[in-house]
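Here are some worked exercises to try with the model open beside you. Have a go at each task before you read its solution.

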Amino acid sequence: MDYKKTLQNSINRKSEFIDKKLQFYKDIPLFSWIEISPIDACNRKCVFCPKSDDNIAPDTYKTMNNDYIRKLAKELKEINYKGTVVFAGYGEPMLDKNIYEKISILSGLCNIEITTNGDPLNKNNIKKLVESGINKIVVSLYDGPEQVEKFKKLFSQAAIDENKYVLRDRWYKEDDGWGLMVTNRAGTLNLKNQNLPKKKDMTCYYTHYSLMIDWNGDCYLCTQDWQRKMVSGNIFKQHIIDIWNSEILKKYRVNLGSGKRVENPCKNCNAFGLMHGSNHFNAWKKYYNH
């Protein structure tokens with residue numbers, strides 16, 4: 001495997017859902033990518049992740065109430081959402097014992113994915129994920145190339161077709177960025193060769209196309225905000241459209257769309273924010289001007 005090819009394949013695959021399927025609700029450009037963090041815990045301590053330091057991101061094992069997912073599903077149905085919901089976030093989603101019910105509640109509404117480190121996977125729970133309605137199981141392999149055959153065999157034993165899962169090589173050394181698009185997680189980490197983007201790359205589209213939802217329903221600007229500095233709303237207390245079209249997010253979209261990383265957590269963030277979302281950026285610009 002070649003991690004550069006893997007990364008490009010991942011970008012291309014996400015583009016199919018984000019950049020080529022722009023939706024509107026009452027003239028409001030909709031999000032195309034929702035990331036949900038169902039549990040605040042992980043079984044690994046990867047050096048490039050804030051979870052490696054208990055002083056920064058301790059495991060609390062707090063999990064999202066399924067009622068939050070039911071409310072979210074109801075509102076996504078109301079707006080005829082056809083984008084993606086991915087269970088990932090600030091922990092290992094397979095540690096949530098109720099993950100199957102969460103997937104089942106959303107099943108059929110849109111594209112449903114889960115990103116896992118693969119450690120909790122076995123033949124039975126892989127089958128259960130698919131039976132619950134998952135569209136794609138994305139497995140990040142951190143230990144070595146021998147994991148490829150291991151997981152191919154595991155999915156084969158579970159009688160799961162190859163189009164249901166993605167294996168991502170992530171076992172590389174620091175000089176290769178561990179095979180990831182490593183960022184400082186909005187200033188949370190201080191890693192090798194990590195600097196703020198050059199001026200031309202300061203523009204960021206994350207807030208134009210994506211939502212990040214934590215276990216307690218709080219919405220953050222994006223997945224980079226590991227210190228949970230900016231809450232834009234709460235899905236259990238507000239309608240998702242009211243959060244998405246809020247004045248808070250408008251301020252960030254206008255600033256980030258102009259390349260101004262002036263507020264927390266953006267001012268310390270070195271993520272390249274132009275990978276996806278240019279169509280959403282243009283749609284929001286037109287909406288705000290109107």
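**Exercise 1: Cysteines without partners**

Cys-110 is buried, with a relative accessible area of 12%; buried here means under 20% relative accessible area, exposed over 50%, and partly exposed in between (1.4 Å probe, protein chains only). Before going on, note that this is a predicted model, in which local features need pLDDT of at least 70, side-chain atom pairs count only at pLDDT 80 or more, and totals for chains, interfaces and linings use all residues. Residues are numbered from 1 along each chain as its sequence is written, and side-chain values use heavy atoms, with hydrogens and water left out.

Task: find how many disulfides there are, and work out why Cys-46 does not bond to Cys-49.

Solution. Start with the rule: a disulfide is a pair of cysteine sulfur atoms within 2.5 Å. Under that rule the count is 0 disulfides. Next, take Cys-46: its closest cysteine sulfur, in Cys-49, is 6.3 Å away, which is too far for a bond. Then look at Cys-110, which is in no disulfide either; the nearest cysteine sulfur, that of Cys-219, is 15 Å away. Cys-46 is buried too, at a relative accessible area of 17%.

**Exercise 2: A buried aspartate**

Task: locate Asp-96, and say which residues it is in contact with beyond its neighbours within four places in sequence.

Solution. First place the residue: Asp-96 sits in the loop between strand S4 (84-87) and helix H3 (99-106). Helices (H or I, at least four residues) and strands (E, at least two) are DSSP runs, numbered from the N terminus. Second, check accessibility: Asp-96 is buried, at a relative accessible area of 2%. Third, list the contacts (heavy atoms within 4.5 Å): apart from neighbours within four places, they are Pro-38, Ile-39, Thr-63 and Lys-102. Finally, look at the side chain, where a polar atom of Asp-96 lies 3.0 Å from the backbone nitrogen of Asn-98.

**Exercise 3: Helix H8 and what follows**

Task: pick out which residues of H8 are buried, and name elements that cover them.

Solution. Walk along the helix: Leu-249, Tyr-252, Arg-253, Asn-255, Leu-256 and Gly-257 are buried. Now turn to the cover, which includes helix H6 (206-209), S10, helix H7 (240-244) and H9. After H8 comes Gly-259, with a positive phi near 80 degrees. Continue to Pro-265, in the loop between helix H8 (247-257) and helix H9 (278-289). The peptide bond that leads from Asn-264 to Pro-265 is cis, with omega near 0 degrees.

**Exercise 4: Positive phi outside glycine**

Task: compare the settings of Asp-27 and Arg-228. Is each one buried or exposed, or in between?

Solution. Begin with Asp-27, whose phi is near 75 degrees, a positive value in a residue other than glycine. Asp-27 lies in the loop between strand S1 (24-25) and strand S2 (28-29), and at 60% relative accessibility it counts as exposed. Move on to Arg-228, which is not a glycine yet has a positive phi of about 55 degrees. Arg-228 belongs to the loop between strand S9 (218-220) and strand S10 (231-234), and at 25% relative accessibility it counts as partly exposed.

Note on methods:
A polar contact is a pair of N or O atoms within 3.5 Å; within protein, one must be able to donate a hydrogen and the other to accept it, and residues adjacent in sequence count only if both atoms are side-chain atoms.
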